[in-house]
Amino acid sequence: LFRSSAASALEEGSIYEVRIEAVGKRGDGIAKIGKYSMFVPGAQKGDTVKVRVKKISGTLAFTEKVLS
């Protein structure tokens, strides 16, 4: 299931295309969709990547990159 970055609520297991806006303290890329901050391991600022949401905790989402 692929969803655009315009989604209002994230769902675990769903795939989204996101743009990395920043890099966190641990080196993960950070993207935002609505109220959610998504952590993307191995992504760099400026990248556009497809990610699968593995876990949601409050307004934080932990993801993994999906190969196109």
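**R52 is partly exposed, with a relative accessible area of 31%.** This close-up of a predicted model looks at R52 and its salt-bridge partner, E64. The closest N and O atoms of the two residues sit 3.5 Å apart. R52 belongs to strand β6 (residues 48-57) and E64 to strand β7 (residues 60-65), so the bridge ties together parts that are 12 residues apart in sequence. E64 is partly exposed, with a relative accessible area of 31%. If you go hunting for salt bridges elsewhere, the count for the structure is 1.

**F39 and F62 make a stacked pair.** A search of the whole structure turns up 1 aromatic pair. The partners are F39 and F62, with ring centres 5.6 Å apart and 15° between the planes; planes under 30 degrees apart are called stacked. F39 comes from strand β5 and F62 from strand β7, so here the rings tie together parts that are 23 residues apart in sequence. What about the solvent? F39 is partly exposed, at a relative accessible area of 22%, and F62 counts as partly exposed too, at 35%.

**I20 is a loop residue that is buried.** You'll find I20 in the loop between β2 (15-19) and β3 (22-23). Its relative accessible area is 2%, and the cut-off for buried is under 20%. Which residues does I20 touch, setting aside those up to four places away in sequence? The list runs G29, I30, A31, V40, A43, Q44, K45, G46, D47 and V49. Take K45 from that list: I20 and K45 are 25 residues apart in sequence, yet their C-alpha atoms are 5.0 Å apart in space.

**The largest nonpolar core has 14 residues.** The members that touch the most other members are L10, Y16, V18, I20, M38 and V51. Strands β2, β4 (29-33), β5 (36-40) and β6 each give two or more residues to this core. In soluble globular proteins, nonpolar side chains tend to be buried together. I20, from the loop view above, turns up here as one of the best-connected members, in the sense of touching the most others.

**V51 has neighbours from several stretches of the sequence.** Zooming in on this core member, and ignoring residues within four places in sequence, V51 is in contact with S14, I15, Y16 and V18, with M38 and V40, and with T63, E64, K65 and V66. Y16, V18 and M38 join V51 among the core residues that touch the most other members. E64 is familiar as well, being the salt-bridge partner of R52.

**S37 is a serine in strand β5 that counts as buried.** Its relative accessibility is 14%, which is why it falls on the buried side of the 20% cut-off. Beyond its neighbours within four places in sequence, S37 is in contact with A31 and K32, and with T59, L60 and A61.

**Zoomed out, the protein has 7 strands and 0 helices.** Along the sequence the pattern reads β-β-β-β-β-β-β. The protein has 68 residues, and 31% of them are buried. Of the contacts with a separation of 6 or more, 36% are between residues 24 or more positions apart. The accessible surface comes to about 4300 Å², and carbon and sulfur atoms own 48% of it.

Methods:
Residues are numbered from 1 along each chain as its sequence is written. This is a predicted model: local features need pLDDT of at least 70, side-chain atom pairs count only at pLDDT 80 or more; totals for chains, interfaces and linings use all residues. Side-chain values use heavy atoms; hydrogens and water are left out. A salt bridge is a side-chain nitrogen of Lys or Arg within 4 Å of a carboxyl oxygen of Asp or Glu. Helices (H or I, at least four residues) and strands (E, at least two) are DSSP runs, numbered from the N terminus. Buried means under 20% relative accessible area, exposed over 50%, partly exposed in between (1.4 Å probe, protein chains only). Contact means heavy atoms within 4.5 Å. A nonpolar core is a set of buried Ala, Val, Leu, Ile, Met, Phe, Trp, Tyr and Cys residues joined through side-chain atoms within 4.5 Å. Accessible areas come from the Shrake-Rupley method with a 1.4 Å probe; for residues, only the protein chains shown count as cover. Rings of Phe, Tyr and Trp (its six-membered ring) pair if their centres lie within 6.5 Å; planes under 30 degrees apart count as stacked, over 60 as edge-to-face and the rest as tilted.
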